[in-house]
Amino acid sequence: MSEKKLIEALTAVCEWAKSESVGFEWLTHMGHWRRPEIIAVFETEKQKSEALAANWNQAFEDELDNMCHILKVDVKGVRYDSEQACTSQSNGNWERHLKRRAFH
């Protein structure tokens with residue numbers, strides 16, 4: 001297992017998620033590949049709220065769990081964010097935005 005394998009698996013989850021939810025744009029991870037924090041990003045806060053209200057996150061987290069089981073990865077946590085929030089809170093600077101909102 002490696003960072004590269006994790007990225008390949010997360011790319012597959014991302015492609016699945018884009019096909020399942022209007023507004024989901026991309027995902028990333030932070031931290032060590034053996035225990036990453038996953039961030040799922042929507043275009044707007046409204047789209048994020050609607051997806052979460054419809055329990056889209058349950059299917060998303062199930063996909064992550066399947067990937068984690070296969071790769072023997074322990075996800076530290078999943079959070080949901082939006083391009084809109086990054087723009088308004090961090091001037092579109094994702095590095096700063098993610099650090100500001102990091103898990104503790």
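Is serine 82 buried or exposed? With a relative accessible area of 0%, serine 82 is buried. The model in which this value was computed is a predicted one. The following paragraphs place serine 82 in its surroundings, beginning with the strand that holds it and the sheet around that strand.

Serine 82 belongs to strand S3. Of the 6 residues of S3, 5 are buried, and the strand is mostly covered. Apart from its neighbours within four places in sequence, serine 82 makes contact with Val41, Phe42, Glu43, Thr44, Glu45 and Trp94.

Strand S3 is part of an open sheet of 3 strands, arranged in the order S1-S2-S3 with mixed pairing. The edges are formed by strand S1 (24-30) and strand S3 (77-82), each of which pairs on one side only. From one strand to the next, the twist averages 20°. The mixed character can be followed strand by strand. S1 pairs with strand S2 (residues 37-42) in the antiparallel sense, over 6 bridges. Within this pairing, methionine 30 stands opposite glutamate 37 in S2. S2 and S3, in turn, run parallel and are joined by 6 bridges. There, isoleucine 38 has valine 78 of S3 as its bridge partner.

Two helices that pack on the sheet are described next. Helix H1 (residues 3-20) touches S1 and S2, and its direction makes about 160° with that of S1. Helix H4 (residues 83-90) packs on the sheet with contacts to S1, S2 and S3; its direction makes about 75° with that of S3.

The charged side chains add a further set of links. Side chains of opposite charge can pair when their charged atoms come close. Over the whole structure, a search finds 6 salt bridges, and one of them involves glutamate 37, the residue of S2 that stands opposite methionine 30. Glutamate 37 forms a salt bridge with lysine 76, and the closest N and O atoms are 3.3 Å apart. Because glutamate 37 lies in strand S2 and lysine 76 in the loop between helix H3 (56-71) and S3, the pair ties together parts that are 39 residues apart in sequence. Which partner of this pair is buried, and which is partly exposed? Glutamate 37 counts as buried because its relative accessibility is 8%, whereas lysine 76, at 36%, counts as partly exposed.

Other salt bridges lie within a helix. In helix H1, lysine 18 pairs with glutamate 15, the closest N and O atoms being 3.1 Å apart. These two residues are 3 residues apart, about one turn of the helix. Both partners count as partly exposed: the relative accessibility is 39% for lysine 18 and 44% for glutamate 15.

In helix H2 (residues 45-53), glutamate 50 and lysine 46 are 4 residues apart, so about one helical turn separates them. They form a salt bridge whose closest N and O atoms are 3.6 Å apart. Glutamate 50 is partly exposed, with a relative accessible area of 45%, while lysine 46, with 58%, is exposed.

The account thus returns to its starting point: serine 82, buried with a relative accessible area of 0%, lies in strand S3, an edge strand of the sheet that is nevertheless mostly covered.

Conventions: Residues are numbered from 1 along each chain as its sequence is written. This is a predicted model: local features need pLDDT of at least 70, side-chain atom pairs count only at pLDDT 80 or more; totals for chains, interfaces and linings use all residues. Side-chain values use heavy atoms; hydrogens and water are left out. Two strands pair if DSSP finds at least two bridges between them. Axes are lines fitted to C-alpha atoms, for helices over the stretch in contact, and angles run from 0 to 180 degrees between N-to-C directions. Contact means heavy atoms within 4.5 Å. A salt bridge is a side-chain nitrogen of Lys or Arg within 4 Å of a carboxyl oxygen of Asp or Glu. Buried means under 20% relative accessible area, exposed over 50%, partly exposed in between (1.4 Å probe, protein chains only).
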